[in-house]
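Reader: Could you take me through the aromatic side of this protein in one close look, and give me the cut-offs as you go? I would like to see how the pieces fit together.

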Amino acid sequence: MLDQSNSMKFGFVLPNRGPLSTREGLINLASQGESLGFDFMAVSDHVVVPRDISSTYPYTDSGEFPGGEFVGDCLEQLTTLAFIAGATSKAQLLTSVMVTPYRSAIHAGKVLATIDVLSKGRLLLGLGAGWMEEEFKALGLNTYELRGRVTDEYISAFKEMWTSNNPDFKGHHVSFSNISFEPKPTQKPHPPIWTGGESPAALRRAGRYADVWYPIGNNPKYRLQKPEKLYSYFERVKQNADEAGRDPESISLAYAASWYDETKAHITQDGDRTILTGSFNQIASDIDQLKEVGVDYLLIDVLGFDLLSSSTGESKERMDAFYTEIISQVIN
């Protein structure tokens, strides 16, 4: 297995739903995370949350979308990141992930470039194709069945806007010419592109377009909660990159652990402890194993296990414990 010599970077989720998603809550959590030394902070993406959802959510065993008690309650992702950019100065800002087809390509490209400029080059662009058909329909979009193709095309369009002095693009879902696109993003050639997903199509997208592959480990169809399995999937990404004529070693690996729990061990149906749950010592050991298989970025969720009862104080205590009790044991 690959042993990464570079230090792993750590991030945490910021709320855009529930009682913590207030001006004061966001500023408090972002400031605490940055002062502790977290490298990046992430915001998820929903524009509207339909009242009735029959689409299968990919990251729960039941297929149910969590947080149903907050129907309709969500801050817009990119606006929230712009706000956080003004309240912080060091930590990077991750869209985790932006549902690529929800916004027009040129408008999204301009908003993202603006965030990167005003944050002085701190944007990390996590992109995905989406999963909730009802939200596509609520936004007036007829691209749900084509969402993967739309996402791939938008990535190419973003790169054209952000790098060309005379942007020109002809596609099935976005076309533009005879435009100036300024200012360009601060980061060159563009903000790092992280693509999510664990399916074969997602692995192909990562190989063809991504700077970072960014899976969530608890997808029941493609569960990646054992380091060796995560490594095998990452090898497929790199093989796809090679077949697309890209340098496989140019792609980094991120890992999202929404189930992170330092209060107790989660036990699988096979009787094994789920990675990144349990004692401080166990979680530190898990992080070392993830480093050994090539993980460069680790995202944890410290917002509490019940959004209704979550508090800013609890989340800040969990962030502090992660750094003082766990990261102190991890040899960088």
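Author: Happy to! One definition comes up early: a polar contact is a pair of N or O atoms within 3.5 Å; within protein, one of them must be able to donate a hydrogen and the other to accept it, and residues adjacent in sequence count only if both atoms are side-chain atoms. By that rule the side chain of Arg318 makes a polar contact with the side chain of Glu262, at 2.8 Å. Arg318 belongs to helix α9, residues 312-326; helices (H or I, at least four residues) and strands (E, at least two) are DSSP runs, numbered from the N terminus. Arg318 is buried, since its relative accessible area is 5%, where buried means under 20%, exposed over 50% and partly exposed in between (1.4 Å probe, protein chains only).

A word on the model: it is predicted, so local features need pLDDT of at least 70 and side-chain atom pairs count only at pLDDT 80 or more, while totals for chains, interfaces and linings use all residues. Residues are numbered from 1 along each chain as its sequence is written, and side-chain values use heavy atoms, with hydrogens and water left out. The predictor's confidence in each residue, pLDDT, runs from 0 to 100; its mean for the protein is 94, and 94% of the residues reach 70 or more. Over residues 1-5, however, pLDDT stays under 50.

Now the rings. A pair of aromatic rings is described by the distance of the centres and the angle of the planes. Rings of Phe, Tyr and Trp (its six-membered ring) pair if their centres lie within 6.5 Å; planes under 30 degrees apart count as stacked, over 60 as edge-to-face and the rest as tilted. The structure holds 22 aromatic pairs. Phe12 and Phe38 form one that is edge-to-face, because their planes meet at 70°, with the centres 5.0 Å apart. This pair links distant parts of the chain: Phe12 is in strand β1 (residues 9-13), and Phe38, 26 residues apart from it, is in the loop between α1 (23-36) and β2 (40-43). Another edge-to-face pair joins Phe322 and Tyr323, with 6.1 Å from centre to centre and 70° between the planes.

How exposed or buried are these four? Phe12 has 1% relative accessibility and counts as buried, as does Phe38 at 3%. Phe322 is buried at 1%, and Tyr323 is buried at 16%. Ring pairs link these four with Phe10 and Tyr260 into a cluster.

Phe322 also takes us to the nonpolar core, a set of buried Ala, Val, Leu, Ile, Met, Phe, Trp, Tyr and Cys residues joined through side-chain atoms within 4.5 Å. The largest core has 85 residues, and Phe322 is among those with the most contacts inside it, as are Phe158 and Trp213. Helix α5 (residues 147-163) gives the most to this core, with seven residues. Leaving out residues up to four places away in sequence, Phe322 touches Phe10, Phe38, Tyr260, Ile287, Ile300 and Ile327; contact here means heavy atoms within 4.5 Å. A second, separate core of eleven residues includes Tyr59, Cys74, Phe136 and Tyr144.

Phe136 is also one of the contacts of Tyr102 beyond four places in sequence, along with Asp45 and Leu139. Tyr102 lies in the loop between β3 (92-99) and α3 (105-118) and counts as buried at 9% relative accessibility. Its side chain makes a polar contact with the side chain of Glu135, at 2.9 Å.
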